[in-house]
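Hi everyone, thanks for making the time. I'd like to walk you through one protein model today, so let me put it up on the screen.

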Amino acid sequence: MRAETTPREIKTMTPPSLRIAVLGIGNMGDPIARRLHQAGHQVHAWNRTRAKAEPLAALGIAVHATAAEAVQGADRVVSLLENGTVVEQVLFERGAAQAMRPGALLIDMASIQPREARDHAARLDEMGLSHVDAPVSGGTVGAENGTLAIMAGGRPEDFARAQPVFAALGRATHVGPHGSGQLAKLANQMIVGITIGAVAEALLFAAKGGADMAKVREAIQGGFADSRILQLHGQRMVERDFAPKGRMAVQLKDMRNALATAQEIGFDAPVTALFEALYADGVEHGLGELDHSGLFVELASRNAMQ
């Protein structure tokens, strides 16, 4: 008979290695695949443009020609695709869901609409597959450092099954049933988009009146108006550095998804509607590829402060 495991052995035991497929190797998918590999998992990758995924092969990550090949035999499948339409195409039209082994868990970390997440979950359930919608906040820096905020919707038991993946990527919170993770992400993006606008308008207001914008930002840090947006995006505004981390066009997409969902559930969101119009103007004026803090440029232009 084998002796019982000692406390010392328990402390030094490592979680079992999982076979994980990562679909979508872009700005977020690349560092997430790398972190899962570093955590000791067997990672298989697929991207529509294969060249973007090829650098992962040097690490020992298997790069596949199709999504269906990548997911075969996977315990967990992580989706980081562009939008809900693409998720649906890859899963149900290109055969990825059909190729997943019975009982496998899809962790959809793409930012899509809550109704799409609920629909995907129901269709996967009919196929004997599990689903968690788990969009993230923290950007590429959070993905690289394993400090993402992960908002998860789905069954509690499936959230528990996703923990080995989440543990390598950041802090996960179960916020409710299927679609709830996407609701939380939209709430996050509403706050981010609106706060960027508030910071930009306030700094421009101070500068228009003759104050030093950089010093105003410094002065109000630590007070009630302080925030990560003021600290990070406020500095980008002061420096006029709008190299994209999160693009204006994507922020506009998120605001529109929030408004579409608000209409579906009968919720009036007038503040979000106002900022959706401002981001739409910025994109129309050619600012879509700027960082979303580039809303500052749109507001500066309105005040002849270029």
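**Inside the model**

Let's start with one residue, Ile 107. Setting aside its neighbours within four places in sequence, Ile 107 is in contact with Arg 76, Val 77, Val 78, Ser 79, Val 132, Ala 134, Ala 162, Val 165 and Phe 166. Please keep in mind throughout that this is a predicted model.

Which residues touch the most other members of the largest nonpolar core? Ile 107 is among them, together with Val 22, Leu 36, Met 109, Phe 166 and Leu 169, in a core of 32 residues. Several elements feed into this core with at least two residues each: the strands β1 (19-23), β2 (42-46), β5 (105-108) and β8 (148-154), and the helices α2 (29-38) and α10 (163-169). The top contributor is α10, which gives 4 residues. There is also a second core, separate from that one, with 25 residues, including Val 199, Leu 252, Phe 296 and Met 305. As a general background point, nonpolar side chains in soluble globular proteins tend to be buried together.

Now let's zoom out. The protein has 16 helices and 9 strands, and 47% of its 306 residues count as buried. If we take contacts between residues at least 6 apart in sequence, 64% of them join residues at least 24 apart.

What about overall dimensions? The C-alpha trace spans about 80 × 45 × 40 Å along its principal axes. The radius of gyration is 21 Å, which agrees with the value near 19 Å that a compact globule of 306 residues would have.

On to the surface. The protein exposes about 14800 Å², and carbon and sulfur atoms supply 54% of that area. For those of you thinking about electrostatics, there are 30 positive and 33 negative charges, and their mean positions are 5 Å apart.

Last, two backbone details for the torsion enthusiasts. Arg 240 has a phi near 55 degrees, a positive value in a residue other than glycine. Arg 240 sits in the loop between α13 (228-239) and α14 (248-265). Is Arg 240 exposed or partly exposed? Its relative accessibility is 44%, so Arg 240 counts as partly exposed.

Ala 304 also has a positive phi without being glycine, with a value near 50 degrees. Ala 304 belongs to the segment after α16 (295-302), and because its relative accessibility is 67%, Ala 304 counts as exposed.

That's my tour; thanks for listening!

Technical notes: Residues are numbered from 1 along each chain as its sequence is written. This is a predicted model: local features need pLDDT of at least 70, side-chain atom pairs count only at pLDDT 80 or more; totals for chains, interfaces and linings use all residues. Side-chain values use heavy atoms; hydrogens and water are left out. A nonpolar core is a set of buried Ala, Val, Leu, Ile, Met, Phe, Trp, Tyr and Cys residues joined through side-chain atoms within 4.5 Å. Buried means under 20% relative accessible area, exposed over 50%, partly exposed in between (1.4 Å probe, protein chains only). Contact means heavy atoms within 4.5 Å. The radius of gyration is taken over C-alpha atoms; the globule rule is 2.2 Å times the number of residues to the power 0.38. Accessible areas come from the Shrake-Rupley method with a 1.4 Å probe; for residues, only the protein chains shown count as cover. Lys and Arg count as positive and Asp and Glu as negative; His and the chain ends are not counted. The place of a charge is taken as NZ of Lys, CZ of Arg, CG of Asp or CD of Glu.
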